[in-house]
Amino acid sequence: MKHLLTIITLILLSACSSIKLPVTEQYQLTQFSHKVYQNPHGSKSLFVSPPEALRGYDSTKMHYSTQPYEVKNFAHHAWLGAPAQMIHPLLTQSLQQSGYFKAVTAGIYSDKTDYRLDSQLLMLQQNFIKRPSTLFLVIKVVLNDAKNHTVVASKIFQYRIPCNMDTPYGGVLAANKAVRLFTEDTVKFISLNIDKK
């Protein structure tokens, strides 16, 4: 009887403990726009600051929802790095390849550049409320005049990409598509607002 009580106690304790299940699948964000501009703004330079992330989106967890206002995490699936950190080099590469700027930097210092781009990841989540599931990506960007310390323009980019599979991998494919669209739209947004000046 003592032996049975010990086993039951151990089972109950393990059920209540915060045991983390091992992540078995990790995914990357790798897609970005390669669009080249015909009329570059060759004399200007841009600093791309590391993106911030809204609380809850600053980790490698992959989020999903099955009902409104709910956020859950896939147990065995995760991003290879925090999504905002993976988006940063993709946005930088897209801006560099656009040919719009003389120089695009992403180091620590921005005081030598003409412009600075700040961004914040507000949402990256797969929604299963309706089928097929949908990937939501929401990012805010702010273009600053680095010389005058003024805001040139800001915008919130929102993407809803249908997933071709109702699985975490389906969400990964849709997220990569959304990031590619975001990088293309951001380059266009920057170019339009600088050309207005």
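These questions and answers work through a predicted model and the terms used to describe it.

Q: Why is E70 called buried?
A: Buried means under 20% relative accessible area. E70 has 12% relative accessibility, so E70 counts as buried.

Q: What makes K72 partly exposed?
A: Partly exposed lies between the buried limit of 20% and the exposed limit of 50%. K72 has 34% relative accessibility, so K72 counts as partly exposed.

Q: How do you know that the side chains of E70 and K72 meet in a salt bridge?
A: The test asks for a side-chain nitrogen of Lys or Arg within 4 Å of a carboxyl oxygen of Asp or Glu. For E70 and K72 the N to O value is 3.5 Å. That is within 4 Å, so the pair passes as a salt bridge.

Q: How many salt bridges does the structure hold?
A: The structure holds three salt bridges. One of them joins D118 and R116, with the closest N and O atoms 2.8 Å apart. That value is within 4 Å, so the name fits.

Q: Why are D118 and R116 described as partly exposed?
A: D118 has a relative accessible area of 22%, so D118 is partly exposed. R116 stands at 25%, so R116 counts as partly exposed too. Neither value is under 20%, and neither is over 50%.

Q: What makes D166 and R131 a salt bridge?
A: Their side chains meet at 3.6 Å, N to O. The limit is 4 Å, so this pair also qualifies.

Q: What does the pair of D166 and R131 tie together?
A: D166 lies in the loop between β9 and α3, and R131 lies in the loop between β7 and β8. The pair therefore ties together parts that are 35 residues apart in sequence.

Q: Is R131 buried or exposed?
A: R131 has a relative accessible area of 58%. Exposed means over 50%, so R131 is exposed. Its partner D166, at 34%, is partly exposed.

Q: Which bond joins R131 and P132?
A: A cis peptide bond joins R131 and P132. Its omega is about 0°. P132 lies in the loop between β7 (115-127) and β8 (134-145). Most peptide bonds are trans.

Q: What makes the phi of Y69 worth a note?
A: Most residues other than glycine have a negative phi. Y69 is not a glycine, yet its phi is positive, at about 70°. Y69 lies in the loop between β4 (61-65) and β5 (72-79). At 86% relative accessibility, Y69 counts as exposed.

Q: What is the phi of H149?
A: H149 has a positive phi of about 55°, although H149 is not a glycine. H149 is found in the loop between β8 and β9 (150-162). Its relative accessibility is 71%. Exposed means over 50%, so H149 counts as exposed.

Q: Why is T113 called buried?
A: T113 has 5% relative accessibility. That is under 20%, so T113 counts as buried. T113 sits in the loop between β6 (101-105) and β7.

Q: How do you know that the side chain of T113 makes a polar contact with the backbone oxygen of Y115?
A: A polar atom of the T113 side chain lies 3.1 Å from that oxygen. The limit for a polar contact is 3.5 Å, so the pair is within reach of the definition.

Q: Where is V23, and which residues does V23 touch?
A: V23 is in the loop between α1 (2-16) and β1 (25-27). Leaving out residues up to four places away in sequence, V23 touches A75, H76, H77 and A78. V23 and H76 are 53 residues apart along the chain, but their C-alpha atoms are separated by 4.2 Å.

Q: What makes Y169 fit for a nonpolar patch?
A: Patch residues need over 30% relative accessible area. Y169 has 41%, so Y169 is over that cut-off and counts as partly exposed. M165, Y169 and L173 form the patch, with about 250 Å² of accessible area together. Y169 is in helix α3 (residues 168-196).

Q: Which residues touch the most other members of the largest nonpolar core?
A: L95 and L137 do, in a core of 45 residues. Helix α3 gives the most to this core, with 10 residues. The contacts of L137 include L121, F157 and F182. In soluble globular proteins, nonpolar side chains tend to be buried together.

Technical notes
Residues numbered from 1 in each chain as written. Predicted model: local features only at pLDDT ≥ 70, side-chain atom pairs only at ≥ 80, totals over all residues. Heavy atoms only, no water. Patch = residues over 30% accessible without salt bridge, like charges linked within 9 Å, V, L, I, M, F, W, Y side chains within 5 Å. Areas by Shrake-Rupley, 256 points an atom, 1.4 Å probe, with all protein chains shown as cover. Helix = DSSP H or I, 4+ residues; strand = E, 2+ residues; numbered from the N terminus. Buried < 20%, exposed > 50% of the residue type's maximum accessible area, 1.4 Å probe, protein only. Core = buried A, V, L, I, M, F, W, Y, C linked by side-chain atoms within 4.5 Å. Contact = heavy atoms within 4.5 Å. Polar contact = N/O pair within 3.5 Å; in protein donor to acceptor, adjacent residues only side chain to side chain.
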